[in-house]
Amino acid sequence: MAGEGLDAALVTARARYPQAAQVVEDLAPTLLRGQLERLLATRGEDFWAEAERLVGYAQSLGGTPADSLLEYTVAYLKEQVRFVATGEYSNSDFETARAQVYDNADVMERFYLEGLLLTHAFWPIHFDIHRFFIEEFVSRVGDLGQGVEVGFGHGLYLLDVLSQRSRTQARGYDISNFSLDYAGRLLRHAGIGEERFQLGLTDVREGVPGEDACYDWAIFAEILEHIPDPQAALHELHRVLKPGCPLFATTVMNSNALDHLYLYREVGEVVAQLEEAGFEVVAQRLLRVADYGLDSRDPSEDVALVCIHRGAAGSQVAPAGDSGD
Ligand SMILES: C[S@@+](CC[C@H](N)C(=O)[O-])C[C@H]1O[C@@H](n2cnc3c(N)ncnc32)[C@H](O)[C@@H]1O
């Protein structure tokens with residue numbers, strides 16, 4: 001189906017991917033049309049399969065996928081237009097973001113969690129980040145032990161690591177009761193046994209729950225830019241992760257949202273913070289809006305990284321067999 005026009009692709013897709021096809025049809029007259037055409041042209045069946053899966057989750061959880069995705073996209077674009085004009089993020093105060101977003105049912109329940117979930121199929125950059133997550137991170141997660149995700153939001157990353165590693169267990173922490181509710185429902189709906197995950201409320205500014213070196217993997221996706229002191233959170237993740245174990249992290253540069261506080265201007269700043277906290281970056285993907293043919297004037301970039309805990313923060317672990325003499 002790659003290469004067909006949108007209307008022709010819809011005719012073929014309706015039989016195999018009925019829920020995704022309905023959302024594509026609903027969104028076709030909107031500002032998302034160009035993006036959908038590019039997804040169909042470049043991702044074809046992979047797009048349809050992932051869109052059907054995520055739209056299916058959204059609908060089973062009682063959502064309205066086309067509406068939430070459109071509203072999430074428009075909310076992002078409004079803030080990004082402001083950023084392009086001012087060079088600054090709209091918000092610099094965590095408690096404001098908390099009141100306006102994380103504690104606000106009209107945002108979290110109505111469109112934020114579901115819209116963000118769906119971007120992992122319908123936004124080409126998030127689609128690619130999710131592929132990178134499966135290929136570069138889940139492949140490094142062992143099938144036993146316990147991991148942690150902080151700021152899990154909708155819960156898709158937890159779901160996919162728990163589905164693909166059928167004996168590992170997970171703790172998930174988020175500041176929002178709405179995330180707790182949504183992710184819990186998603187995991188249960190997708191058939192993940194209750195004994196395999198525990199979700200709880202935490203403010204990562206106060207630390208990550210867990211003893212030193214107690215987790216076998218960790219995920220910190222799209223939250224570094226949401227907190228005033230990302231470096232402190234990375235130190236906490238380093239503290240709770242076992243040496244040699246993987247961390248998946250994503251963040252954005254020059255990309256505004258109501259709840260973005262920490263402005264990274266270059267990817268080197270992110271890598272420097274990770275290294276200072278004691279991680280070694282072993283895989284990295286930089287995704288520039290301008291490279292996706294979306295808008296060449298938009299300076300927004302995403303980065304996805306897989307890092308390995310390399311022992312003490314800010315130092316290299318001596319390789320096995322090296323006595324240090
Ligand atoms: C942009 S969403 C990311 C969701 C998901 N990880 C993803 O990548 O799509 C950010 C999430 O971080 C949570 N969050 C924001 N500040 C937090 C804090 N201080 N402590 C814990 N969670 C926080 C929000 O409630 C929200 O669920």
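Visitor: Where in the chain is the place of glutamate 222?
Guide: In this predicted model, glutamate 222 belongs to the loop between β4 and α10, the latter spanning 230-240.

Visitor: What is the phi of glutamate 222?
Guide: Glutamate 222 has a phi near 55°, a positive value in a residue other than glycine. Most residues other than glycine have a negative phi. Alanine 213 is another case, with a positive phi of about 50° although it is not a glycine. Alanine 213 is in the loop between β3 (197-201) and β4 (217-221).

Visitor: Why is alanine 213 called partly exposed?
Guide: Its relative accessibility is 36%. Buried would require under 20%, and exposed over 50%. The value of 36% falls in between, so alanine 213 counts as partly exposed.

Visitor: How many aromatic pairs does the count come to?
Guide: The count comes to 15 aromatic pairs.

Visitor: What makes phenylalanine 137 and phenylalanine 248 a tilted pair?
Guide: Their ring centres are 5.8 Å apart and their planes stand at 45°. Centres must lie within 6.5 Å, so these rings pair. Stacked needs planes under 30 degrees apart and edge-to-face needs over 60, so an angle of 45° makes the pair tilted.

Visitor: How do you know that this pair links distant parts of the chain?
Guide: Phenylalanine 137 is in helix α7 (residues 124-137), while phenylalanine 248 is in strand β5 (residues 246-253). The two are 111 residues apart. Phenylalanine 137 is buried, and phenylalanine 248 is buried as well.

Visitor: Why are tyrosine 262 and tyrosine 264 called tilted?
Guide: The rings are 4.7 Å apart from centre to centre, with 55° between the planes. That distance is within 6.5 Å, and the angle is neither under 30 degrees nor over 60, so the pair is tilted.

Visitor: Is tyrosine 264 buried or exposed?
Guide: Tyrosine 264 has a relative accessible area of 0%, so it is buried. Its partner tyrosine 262 has 26% relative accessibility and counts as partly exposed.

Visitor: Which residues form one aromatic cluster?
Guide: The cluster is made of Phe132, Phe133, Phe137, Tyr157 and Phe248.

Visitor: What makes you say that the charged end of arginine 131 sits over the ring of phenylalanine 127?
Guide: The charged end of arginine 131 is 4.8 Å from the centre of that ring. The distance limit is within 6 Å, and the arrangement is listed as a charge over the ring.

Visitor: How many residues surround the ligand?
Guide: There are 23 of them, and the closest are Gly151, His154, Asp174, Asp203 and Ala221.

Visitor: What makes the atoms of histidine 154 and the ligand a polar contact?
Guide: A polar side-chain atom of histidine 154 lies 2.7 Å from a ligand oxygen atom. A polar contact needs N or O atoms within 3.5 Å, so this pair qualifies. Serine 179 also has a polar side-chain atom 3.0 Å from an oxygen atom of the ligand. Alanine 221 takes part through its backbone, with an N or O atom 2.9 Å from a nitrogen atom of the ligand.

Visitor: How much of the accessible area of the ligand does the protein cover?
Guide: On its own the ligand has 590 Å² of accessible area, and the protein covers 100% of it.

Visitor: How many disulfides does the structure hold?
Guide: The structure holds 0 disulfides. A disulfide is a covalent bond between the sulfur atoms of two cysteines.

Visitor: Why is the sulfur of cysteine 245 without a bond to the sulfur in cysteine 214?
Guide: The sulfur in cysteine 214 is the closest cysteine sulfur to that of cysteine 245, at 11 Å. A disulfide needs sulfur atoms within 2.5 Å, so 11 Å is too far for a bond. For cysteine 307 the closest cysteine sulfur is in cysteine 245, at 13 Å, which is again too far.

Visitor: Why is cysteine 245 called buried?
Guide: Its relative accessible area is 13%. Buried means under 20%, so cysteine 245 is buried. Cysteine 307 is buried too, with a value of 0%.

Visitor: What makes glutamate 52 buried?
Guide: Glutamate 52 has a relative accessible area of 14%, which is under 20%, so it is buried. Glutamate 52 lies in helix α3 (residues 33-60).

Terms used: Residues numbered from 1 in each chain as written. Predicted model: local features only at pLDDT ≥ 70, side-chain atom pairs only at ≥ 80, totals over all residues. Heavy atoms only, no water. Phe/Tyr/Trp six-rings, centres within 6.5 Å; stacked < 30°, edge-to-face > 60°. Helix = DSSP H or I, 4+ residues; strand = E, 2+ residues; numbered from the N terminus. Buried < 20%, exposed > 50% of the residue type's maximum accessible area, 1.4 Å probe, protein only. Lys NZ or Arg CZ within 6 Å of the ring centre and 35° of its normal. Near = heavy atom within 4 Å. Polar contact = N/O pair within 3.5 Å; in protein donor to acceptor, adjacent residues only side chain to side chain. Areas by Shrake-Rupley, 256 points an atom, 1.4 Å probe, with all protein chains shown as cover.
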